[in-house]
Amino acid sequence: MTGYAGVQRCPWRTVMTQFLIRLFIRQPDHAQDPKVRAAYGNLACWVGVACNLLLCLGKLTVGTLFGSIAIMADALNNLSDASSNVVSLVGFKLAGKAPDAEHPFGHARYEYLAGLVVSVTILGIGFSLLKESVVKVLHPTPVMFSWLTVAVLIASILVKLWMSGFNRTIGRIIGSETLIATAADSRNDVLSTSAVLIAAVLCRVTGWDVLDGLMGVGVAAFILISGWGLVMDTLSPLLGESPSEDLVDHIEQKVLSYPGVLGMHDLMVHDYGPGHQFASLHVELPAEQDPLEAHDLIDNIERDFLKNDRLLVTIHYDPIVTSDAAVGVLRARLTEKLRQLDPALSLHDLRIVPGRTHTNVLFDLVLPAGYAGDKVELLEQLEQFIKEQDTAYSCIIKVEQSYTACLLYTSPSPRDPR
């Protein structure tokens, strides 16, 4: 659940974070509102720009005074972070643009692109640090030490710790992968700056200048692993990932809460950026119900999602015969058979159509995405099972793929023997 109330439960809660939210965000509890969400994003980005520029200037000053290459490199890292904050700021700005003729679904995916840029930047920093660290391992150089250097590095670590928590808190409130990536980058900065500090102290105590390079290699490896994970996380929604289980469960529970709904299936959710999701699904209603009443019920469900969830839902009406006992019996037996074969399998739109020489049994068989089983063998088993129910049955099965990570519920008809 997102919203300002989530700050109260956040482990990174700080007085400063709450103060900034209260000072700059109007109606902080309405994080799903596009204007409020943009305000949260802009606040996080401007705070990041200000903090990183101040850290950069402080480290450049100290690094120049004491001739420390490590501290000056860390200062450039902060300058790079400030640039990433600007990229994120532009991403939030572009994501807030209204739909136009060329992009009728809006521009919210710009935020995903901004997150990808930040993640790639983290990888670039990791490779750069790895290169410098390897050179220092092969050719150790004396590490300058002063108490002013220690003070500046400790202050930088504390600021970056707060920034990591701040960005993670805001990112969770508005569900932003970009800010989550920024929080991870701040955490990496804590490690890299700590490595510079520890290396400086150890080199001073032991005289082993090679420790500076070895520490850098370890931090660089961590940053590269973290950066790669963030790249994959930000790429996933751009490629078209399955909706979250929470969203699927919410949609399912809301649809099934309406009287008369027998089940739902074929849910598809299209993500065009945070706060810009569209969904389509099939709702099963009794075939004996008045079509006008069924249409009115579907309209009410669609309006409910749009008003309360900001989710544009298109619903297809599937009439289910509930007065035919044979359909109910076969449906129950087939459902149980599928559970035995693979709990991830499901069916819908079962019909029995009698003919002169045989009776057609038609239904849609839903396979999970990436189904690894033998489809031909599966169909043969189902056809044989249906023949065992009645030798006059002839199977016509339409195979389709599920576009959600969860199975969708289809209720038994009132006459099913349960």
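Q: In which sense do β1 and β2 pair, and over how many bridges?
A: In this predicted model, β1 and β2 run antiparallel to each other and are joined over seven bridges. Two residue pairs let you trace the register by eye: methionine 264 has valine 283 of β2 as its bridge partner, and histidine 270 is matched in β2 with phenylalanine 278. The hairpin that these strands make has five residues between them, and within that hairpin glycine 273 adopts a positive phi near 120 degrees.

Q: Are β2 and β3 parallel or antiparallel, and how many bridges join them?
A: β2 and β3 are parallel, with nine bridges between them. A convenient place to look is histidine 282, whose bridge partner in β3 is histidine 316.

Q: Which residues have the most contacts inside the largest nonpolar core?
A: The general idea comes before the case: in soluble globular proteins, nonpolar side chains tend to be buried together. Here the largest nonpolar core has 21 residues, and those with the most contacts inside it are Ile251, Val255, Val261, Leu267, Leu281 and Ile301. At least two residues of this core come from each of α8 (245–256), β1 (263–271), β2 (277–286), α9 (291–309) and β3 (312–320), and α9 gives the most, with five residues.

Q: Which residues does isoleucine 251 touch, if those up to four places away in sequence are not counted?
A: Isoleucine 251 touches Met264, Leu267, Val269, Leu281, Phe305 and Leu311. Of these partners, Met264 is also the residue that bridges to valine 283 in β2, while Leu281 is listed with Ile251 itself among the core residues with the most contacts.

Q: In what order do the three strands of the open sheet lie?
A: The order is β4-β5-β6, and the pairing in this sheet is mixed. The edge strands, β4 (346–354) and β6 (393–401), each pair on one side only, and neighbouring strands are turned by 15 degrees against each other on average, direction ignored. Between β4 and β5 (residues 359–367) the pairing is antiparallel over seven bridges, and isoleucine 352 stands opposite valine 361 in β5. When you follow side chains along such strands, keep in mind that in a regular strand the side chains alternate between the two faces of the sheet.

Q: Which helix lies across β4, β5 and β6?
A: That is helix α10 (residues 325–341), which runs at about 145 degrees to β4. Helix α11 (residues 375–389) also packs on the sheet, where it touches β5 and β6, and its direction makes about 145 degrees with that of β6.

Q: Where is aspartate 374, and what does its side chain reach?
A: Aspartate 374 sits in the loop between β5 and α11, and its side chain reaches the backbone nitrogen of valine 376 at 3.0 Å. Its relative accessible area is 45%, and since only values over 50% count as exposed, aspartate 374 is therefore classed as partly exposed.

Q: Why does the end-to-end distance of helix α6 agree with its number of residues?
A: The reasoning starts from a rise of 1.5 Å a residue, so the 30 residues of α6 (residues 177–206) should span 44 Å, and the end C-alpha atoms are 42 Å apart, in agreement with that expectation. The two ends of α6 also deserve a look: serine 176 caps the N-terminal end, with a side-chain oxygen 3.2 Å from the backbone nitrogen of leucine 179, and glycine 207, just after α6, takes a positive phi of about 80 degrees.

Conventions
Residues are numbered from 1 along each chain as its sequence is written. This is a predicted model: local features need pLDDT of at least 70, side-chain atom pairs count only at pLDDT 80 or more; totals for chains, interfaces and linings use all residues. Side-chain values use heavy atoms; hydrogens and water are left out. Helices (H or I, at least four residues) and strands (E, at least two) are DSSP runs, numbered from the N terminus. The expected span of a helix is 1.5 Å times one less than its number of residues. A polar contact is a pair of N or O atoms within 3.5 Å; within protein, one must be able to donate a hydrogen and the other to accept it, and residues adjacent in sequence count only if both atoms are side-chain atoms. Two strands pair if DSSP finds at least two bridges between them. Axes are lines fitted to C-alpha atoms, for helices over the stretch in contact, and angles run from 0 to 180 degrees between N-to-C directions. Contact means heavy atoms within 4.5 Å. A nonpolar core is a set of buried Ala, Val, Leu, Ile, Met, Phe, Trp, Tyr and Cys residues joined through side-chain atoms within 4.5 Å. Buried means under 20% relative accessible area, exposed over 50%, partly exposed in between (1.4 Å probe, protein chains only).
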